[in-house]
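This report is an introduction for a reader new to the structure. Please look over the sequence and the model before reading on.

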Amino acid sequence: MAAPKVAVVGAGVVGLSTALCIVETCPSCSVTVLSDQFSPSTTSDVAAGMLIPHTYPGTPIHVQKQWFKETFTYLFAISNSAEASEAGIHLVSGWQVFKNTPKEELPFWSDVVLGFRPMSEAELQKFPQHRFGQAFTTLKCDCPPYLLWLEKRLKATGVQMYTRKVADLWELHSEYNIVVNCAGIGAHQLVGDEQLFPVRGQVLKVHAPWVKNFIRDGDGLTYIYPGIHRVTLGGTREKESWSLSPDPGTTKDIFDRCCSLEPSLQGAQDIKVKVGLRPSRWSVRLQREVLSQGGFKLPVVHNYGHGAGGFSVHRGTAKEAARLVGECIAALQGSSSRAKL
């Protein structure tokens, strides 16, 4: 058969990474990215891009760890290359602090990040309201530059990108052999996934160049993540809220919480407020499906529902989605050779 045509729906970090992995593993494919939003208008652009995994209750821990490890290894290599600054990827050290000792003192990802250890008494003195903490070094992606870097890589390999609102995956069946659904929160409408719900996140991006270390409260609600140009202060986790409008009361609450962890932030300037809807599910939906209508079939690979953990596992899930696309291609080639017989 001719080179299989693959459409990837969605241009956030998951969609672009999946498209790149498909090109890398199936170079004979013709890949097109379709999305109604590209950077800087995607949910990924709002994300802090810190590699600290969130746990998916419905996904086996060894699978989550594999996804995280593959993502960390991939980004660590970029951070050690001449492209680190263009891709917006850098190492950052810091602390995760707890008011009470957590049940799990060693999270499943502790041996993937660098130099994970309990905090010393001297370090804990910086956080008088907290009794336990962990220190480690991880990676941070500055999201808009990373998305642009991914787009540039894709264009260099001949991938086409079109601004297009896809209302129904079936509308693509006459143009493409395989469709990959990386629509994020858009999958709620696109494929009618009732298990997918938004978790609204509001963050502040501030100018505070003296803040060099990340600080994260163990409950995951309050965090300070320094990037190359700006520091991200967060945050919120509002389930089932679809509002993209910044809330001034929330802005003040986030700022006050972050200042209680790092008082020097009182001097932060040029505060910008961003809101994104995390596409959350009990587990990431990563699977093959064949849609059929009127005697026609359309192979689909789903890769969405990463919630707050998209950056931490994006490359690992993209590799798995590309493997599933390879299975779809093999099935198509098998049926076309049988048809010739």
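The text below covers an annotated domain, one strand with its partners, and one pair of helices.

The model is predicted. In an unreviewed entry, UniProt places the feature "domain: FAD dependent oxidoreductase" at residues 5-324. Over residues 5-324 the chain is 28% helix and 33% strand. The C-alpha atoms at the two ends of residues 5-324 are 15 Å apart.

**Strand S3**

Strand S3 spans residues 89-98. Eight of its 10 residues are buried, so S3 is largely enclosed by the rest of the structure. Two pairings of S3 are listed here.

| Partner of S3 | Residues of partner | Sense | Bridges | Residues standing opposite |
|---|---|---|---|---|
| Strand S5 | 132-141 | antiparallel | 10 bridges | Val92 and Thr138 |
| Strand S9 | 214-217 | parallel | four bridges | Gln96 and Arg216 |

With S5, then, S3 pairs in the antiparallel sense, and with S9 in the parallel sense.

**Helices H3 and H6**

How do helices H3 and H6 pack, and at what angle? Helix H3 covers residues 61-79 and helix H6 covers residues 143-156; they pack at an angle of about 90°, with their axes 14 Å apart. An angle from 65 to 115 degrees counts as roughly perpendicular, and therefore H3 is roughly perpendicular to H6.

On the H3 side of the contact are Tyr74, Leu75 and Ile78, which meet Tyr146, Trp149 and Arg153 in H6. The residues of this contact of H3 with H6 divide into five nonpolar, no polar and one charged.

Note on methods: Residues are numbered from 1 along each chain as its sequence is written. This is a predicted model: local features need pLDDT of at least 70, side-chain atom pairs count only at pLDDT 80 or more; totals for chains, interfaces and linings use all residues. Side-chain values use heavy atoms; hydrogens and water are left out. UniProt positions are given in the numbering used here, feature names are shortened, and annotations may be inferred rather than shown by experiment. Buried means under 20% relative accessible area, exposed over 50%, partly exposed in between (1.4 Å probe, protein chains only). Two strands pair if DSSP finds at least two bridges between them. Axes are lines fitted to C-alpha atoms, for helices over the stretch in contact, and angles run from 0 to 180 degrees between N-to-C directions. Angles under 35 degrees count as roughly parallel, over 145 as roughly antiparallel, 65 to 115 as roughly perpendicular and the rest as oblique. Contact means heavy atoms within 4.5 Å. Ala, Val, Leu, Ile, Met, Phe, Trp, Tyr, Cys and Pro count as nonpolar, Asp, Glu, Lys and Arg as charged, and the others, Gly among them, as polar.
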